Amino acid sequence: MGGLDGRAATCLVGRAPSRRRADDYDGGVTRVARPVPTGCALITGASRGIGAACATALASREIPVAITYRQDEAGANETARRVRDMGAEVVSLRADVTNPTEVEDVFSQLEQSFGYVKVLVNNAGIRADCLAAELDDDRWHAVLNVDLTAAFQVTRRALLPMVRARWCG
């Protein structure tokens with residue numbers, strides 16, 4: 001398990017501007033070195049597009065990467081290959097993020113392998129390409145379930161371990 005154990009990370013901490021002199025103001029950001037806990041980045045819907053780009057961007061920071069996909073196994077394998085070629089650890093997991101049991105299985109596997117999920121990118125989504133007047137209720141609920149409800153549920157599952165670790169992101 002590579003990753004960032006023992007290394008320092010830079011976290012951004014907001015700070016009020018100095019009232020003594022206007023030219024002392026540095027934008028309100030102070031860089032604070034602190035140890036990076038073990039963990040990984042989880043990107044849902046990472047078999048192509050924005051999700052795949054997020055996976056490679058995080059891999060460039062030497063963070064172990066976990067990607068999920070629902071249908072496009074070939075795309076997920078290609079994303080995983082690119083992440084691996086960058087020297088980062090990667091795991092690709094098939095999961096339907098609308099299914100709470102499958103989401104829990106993903107988190108259990110990742111926590112066992114890497115520690116907690118310290119970076120979460122909710123990228124899984126579907127769209128209904130039609131006019132609202134043509135959109136039936138079943139399709140509308142499917143879009144809301146993936147794009148909104150699943151994102152909330154995955155985030156909720158990821159948050160408690162992040163808070164416990166006092167991870168600033």
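This is a short walk through one predicted model, from its confidence to its sheet, its helices and its salt bridges.

Okay, confidence first, since we're looking at a prediction. Mean pLDDT for the chain is 82, and 77% of the residues get to 70 or more. The stretch to watch is residues 1-37, where pLDDT stays under 50. The model still has 58 contacts beyond four places in sequence for that stretch. I'd leave those alone, because predicted coordinates should not be read in detail where pLDDT is low.

Now the sheet. What's the strand order? It goes E5-E4-E3-E6, an open sheet of 4 strands with parallel pairing. At the edges you have E5 and strand E6, residues 117-121, and each of these pairs on one side only. From one strand to the next, the twist averages 20 degrees.

Let's zoom in on one pair. Strand E4, residues 65-69, and strand E5, residues 90-94, run parallel and are joined by 5 bridges. If you want to find the register on screen, Val65 stands opposite Val90 in E5, and Thr68 has Leu93 in E5 as its bridge partner.

So what packs on this sheet? H2 does, touching E4 and E5, and its direction makes about 170 degrees with that of E4. Helix H3, residues 100-113, packs on the sheet as well, touching strand E3 (40-43), E4, E5 and E6. The direction of H3 makes about 160 degrees with that of E5. And if you trace E4, H2 and E5 together, you get a β-α-β unit, a right-handed one.

While we're on H2, which spans residues 73-85, have a look at Thr79 in that helix. Buried or exposed? Thr79 has 0% relative accessibility, so it counts as buried. Skipping neighbours within four places in sequence, Thr79 is in contact with Ala46, Ser47, Arg48, Ala52, Ala55 and Ile67.

One backbone oddity before the charges. Most residues other than glycine have a negative phi. Glu62, though, is not a glycine and has a positive phi of about 65 degrees. Where does Glu62 sit? In the loop between helix H1 (49-59) and E4. Glu62 is partly exposed, at 44% relative accessible area.

Right, salt bridges. The count comes to 6. Start inside H2: the side chains of Arg81 and Glu78 form one, at 2.5 Å from N to O. These two are 3 residues apart in helix H2, so about one helical turn separates them. Arg81 is partly exposed at 36% relative accessibility, and Glu78 is partly exposed too, at 34%.

Then there's Arg157, which shows up twice. Its side chain meets that of Glu104 in a salt bridge, 2.8 Å N to O. Glu104 is in helix H3 and Arg157 is in helix H4, residues 137-165, so this pair ties together parts 53 residues apart in sequence. Glu104 is partly exposed, with 32% relative accessible area.

The other salt bridge of Arg157 is with Glu111, at 3.0 Å N to O. Again it's H4 to H3, so here the parts tied together are 46 residues apart in sequence. Glu111 comes out partly exposed, at 29%.

Last thing: Glu78, Arg81, Arg82 and Asp85 are joined into one network by salt bridges that share partners. That's my tour, thanks.

Notes:
Residues numbered from 1 in each chain as written. Predicted model: local features only at pLDDT ≥ 70, side-chain atom pairs only at ≥ 80, totals over all residues. Heavy atoms only, no water. Buried < 20%, exposed > 50% of the residue type's maximum accessible area, 1.4 Å probe, protein only. Contact = heavy atoms within 4.5 Å. Pairing = 2+ DSSP bridges. Right-handed = clockwise from strand over helix to strand, strands pointing away. pLDDT = per-residue confidence, 0-100. Axes fitted to C-alpha atoms, helices over the stretch in contact; angles between N-to-C directions. Salt bridge = Lys/Arg side-chain N within 4 Å of Asp/Glu carboxyl O.
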